[in-house]
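Please find below a colleague's note on the structure shown here, written for someone who has not looked at it before. The points are meant to be read beside the sequence and the model.

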Amino acid sequence: MNQELTKAAYFTLGCKLNFAETSTIGQILSGRGIIRAAKGETPDLCVVNTCSVTEMADKKGRRLIRSLAARYPDAPIVVTGCYAQLKPAEVAQLPGVAIVLGSDEKLRMADFIDEFIAKREKRVEVTPFLSIKNFRPSCERGDRTRYFLKVQDGCDYFCTYCTIPYARGRSRSGSSDELVEMARRAAAEGGKEIVITGVNIGEFGKDNGEDLFTLLRRLDEVEGIERFRISSIEPNLLTEEIVRWTAEEARAFMPHFHIPLQSGSDNVLKLMNRRYDTSLFASRIELIRSLIPDAFIGVDIIAGARGETPEEWERSYMFAKSLDVTRYHVFPYSERPGTKALLLGDVVSQEEKHRRVGALTSLSDKKMEKFMLSASGTVRPVLWEHPSGDGFMHGLTDNYIRVEAAVDEQLINTVSLVKLGDIHPQQPELMTAEHV
C-alpha cells in the first residue's frame with residue numbers, strides 16, 4: 001500500500017451489522033499499512049459506512065460526508081454501505097468523495113484504494129443487487145467490549161416499505177464451521193460476549209442447507225464466551241424451539257430478544273407484506289414471558305405507514321399497549337424510492353405521523369420504566385466496559401439493563417454480580433448499581 005495514505009478515520013451509521021463490517025474493513029486496511037487515526041489526529045483517508053433505512057438516514061450520511069470534506073479537505077473520502085449501493089451517483093457528487101463502493105465491493109476496499117493512489121481518479125463500483133452473491137463473515141470487536149459475529153447477509157422478504165434487499169442483495173450465509181471457529185478465536189483474544197448479527201438472521205442456512213438453531217447450539221458450546229445475544233430476529237423465524245432452548249438448556253444465550261413488529265394492525269401488516277400476524281406475534285411474547293419472566297424484549301414499530309388509517313392506527317396502538325414488552329424502538333414511516341409502498345393509498349400527514357411517533361415513544365418510556373423498576377433491588381451479572389473517565393464504569397446485565405457503578409479496574413471485561421439500585425436521575429435508561 002502506498003504510504004501517502006497511512007492513517008484512516010472510520011465513521012459508521014446504522015445497524016450493528018454495519019459496525020461489525022466497519023471493524024472488519026479497519027482490520028483489512030491495517031494489514032495493508034493504513035492504521036486507524038488516533039483521536040485528535042488528522043486522517044489521510046476517511047471511510048464512511050452508510051445506512052439508508054430511512055430518508056433521515058440518507059440525510060445523516062450526506063451531512064456527515066459534507067462535514068468531513070470541510071474538516072479534512074486533503075483526505076479522500078471512501079463511501080460504502082446501503083446509501084452508496086442505492087444512490088451511487090448522488091453520493092459520488094458529494095464534496096470530497098473519491099471512491100463509492102456498493103455492498104459487494106465493501107470488503108474489497110483496500111484494492112480500490114490502491115487503484116486510487118496510483119491513478120488519483122474517482123471510482124464508483126456498485127454491483128446490481130440481484131448479482132450480489134458474495135458473503136464474507138466477520139467477527140470483530142473494534143473499540144467495543146462485545147464482538148459482533150456476522151453470520152448472514154441480505155434478505156428475500158421484500159417488505160413493501162423496505163429497500164434493504166436492494167441494498168444488501170438476496171439472503172446468503174456463512175458456514176457454521178467457519179463461524180464457530182471465529183467465535184473460538186474471539187474467545188482466545190479474551191472476548192466474553194458475542195452479538196450475532198445479520199440482515200435477516202432467521203434465514204441463516206437457507207442457501208447452504210444449514211439452519212439457525214443448529215448454529216446457535218454449536219456456538220453455545222464455545223468455551224470462553226460467556227454471553228451470546230441475537231441482534232434481531234423476525235417473529236415468524238423465532239421458533240418455539242429456540243425460545244424453549246434459550247430458557248431451559250442454553251449455557252450462554254442471554255434473556256434478551258429483539259423482535260420487529262412494525263405494526264399492530266393485521267391489515268397494515270398485510271400491506272407491508274410481513275409474514276406473520278398479530279396473533280403469532282403475541283404468542284411469541286407470551287411464550288417468552290412464561291418461560292423467561294425477566295427477559296428484555298425490544299420491539300421495532302413503524303408509525304404512520306401508508307395504509308395506517310386512523311382506525312388501523314388505533315388498532316396498532318392498542319395492540320402495542322397490550323404487549324408485555326420492555327421497549328419499543330419507534331420509527332416514523334419514511335418514503336423510499338422504488339418501494340411498492342408508494343403504490344398504496346392512505347398517506348399519513350407529517351403532523352399526524354409525528355403525533356403517532358410521540359404516542360408510541362411515550363408508551364415505550366412507560367414500559368421501560370416499569371421493567372427497570374421491577375429489577376430494582378435484584379442481583380444480576382454484568383459485563384463491564386472500560387471506565388468512561390468520570391469515576392464510574394458501565395456495563396450491561398444479562399437481561400440488557402445498562403448500569404453504572406464505582407470503578408474497579410480489575411473488573412474490566414469480566415462478568416460480576418451487582419445489586420441494582422435506582423433509575424439514574426439524568427439518564428432514564430441507566431440504573432445505579434453496587435458491586436456485590
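The numbered points below take up the cavities, the salt bridges, the nonpolar cores and two single residues.

1. On the basis of the note: this is a predicted model, in which local features need pLDDT of at least 70 and side-chain atom pairs count only at pLDDT 80 or more, whereas totals for chains, interfaces and linings use all residues. Residues are numbered from 1 along each chain as its sequence is written, and side-chain values use heavy atoms, with hydrogens and water left out.

2. On empty space: the structure holds 2 cavities of 30 Å³ or more. A cavity here is a set of points, on a 1 Å grid over the protein atoms alone, where a 1.4 Å probe fits but cannot get out, and its lining residues have an atom within 4 Å of a point. Grid points are joined across faces, edges and corners, and a volume is the space filled by probe spheres set on the points.

3. On the largest cavity: its volume is about 80 Å³, and its lining is made up of F228, R229, I230, I233, I242, T246, F253, M254, H256, F257 and H258. Two or more of these lining residues come from each of β12 (227-230), α9 (240-248) and β13 (256-262), where helices (H or I, at least four residues) and strands (E, at least two) are DSSP runs numbered from the N terminus. By type, the lining of the largest cavity divides into 7 nonpolar, 3 polar and 1 charged residues, with Ala, Val, Leu, Ile, Met, Phe, Trp, Tyr, Cys and Pro counted as nonpolar, Asp, Glu, Lys and Arg as charged, and the others, Gly among them, as polar.

4. On the second largest cavity: this one has a volume of about 40 Å³, and the residues lining it are T160, Y161, L271, M272, A305, R306, Y333, A341 and L344. Its lining divides into 7 nonpolar, 1 polar and 1 charged residues.

5. On salt bridges in general: a search of the whole structure finds 38 of them, a salt bridge being a side-chain nitrogen of Lys or Arg within 4 Å of a carboxyl oxygen of Asp or Glu. Some are joined together, for E21, K106, K150, D153, R168 and R172 are linked in a network of salt bridges.

6. On a buried pair: R356 and E308 form a salt bridge whose closest N and O atoms are 2.9 Å apart. Because R356 lies in helix α13 (residues 350-375) and E308 in the loop between β14 (296-303) and α12 (310-322), the pair ties together parts that are 48 residues apart in sequence. R356 counts as buried at 3% relative accessibility, and E308 counts as buried at 2%; buried means under 20% relative accessible area, exposed over 50%, and partly exposed in between (1.4 Å probe, protein chains only).

7. On two partly exposed pairs: E429 and R327 form a salt bridge with their closest N and O atoms 3.3 Å apart. This pair links distant parts of the chain, 102 residues apart, with E429 in the loop between β19 (415-423) and β20 (430-435) and R327 in strand β15 (residues 327-332). E429 is partly exposed at 38% relative accessible area, and R327 is partly exposed at 24%. E125 and R123 also meet in a salt bridge (2.9 Å, N to O), with E125 partly exposed at 26% and R123 partly exposed at 22%.

8. On the nonpolar cores: which residues touch the most other members of the largest core? Among its 71 residues, they are I194, I196, F281, L323, Y328 and L360, a nonpolar core being a set of buried Ala, Val, Leu, Ile, Met, Phe, Trp, Tyr and Cys residues joined through side-chain atoms within 4.5 Å. Helix α7 (residues 176-188) supplies the largest share of this core, 6 residues. Apart from it lies another core, of 19 residues, including I25, L45, I99 and F112.

9. On two single residues: G61, in helix α2 (residues 55-71), is buried with a relative accessible area of 0%. R218, in helix α8 (residues 212-220), is partly exposed at 28%. Leaving aside neighbours within four places in sequence, R218 is in contact (heavy atoms within 4.5 Å) with S176, D177 and V180.

Key
1 Å grid on protein atoms, 1.4 Å probe; cavity = no way out; pocket = protein on both sides within 12 Å on 5 of 7 lines; lining within 4 Å.
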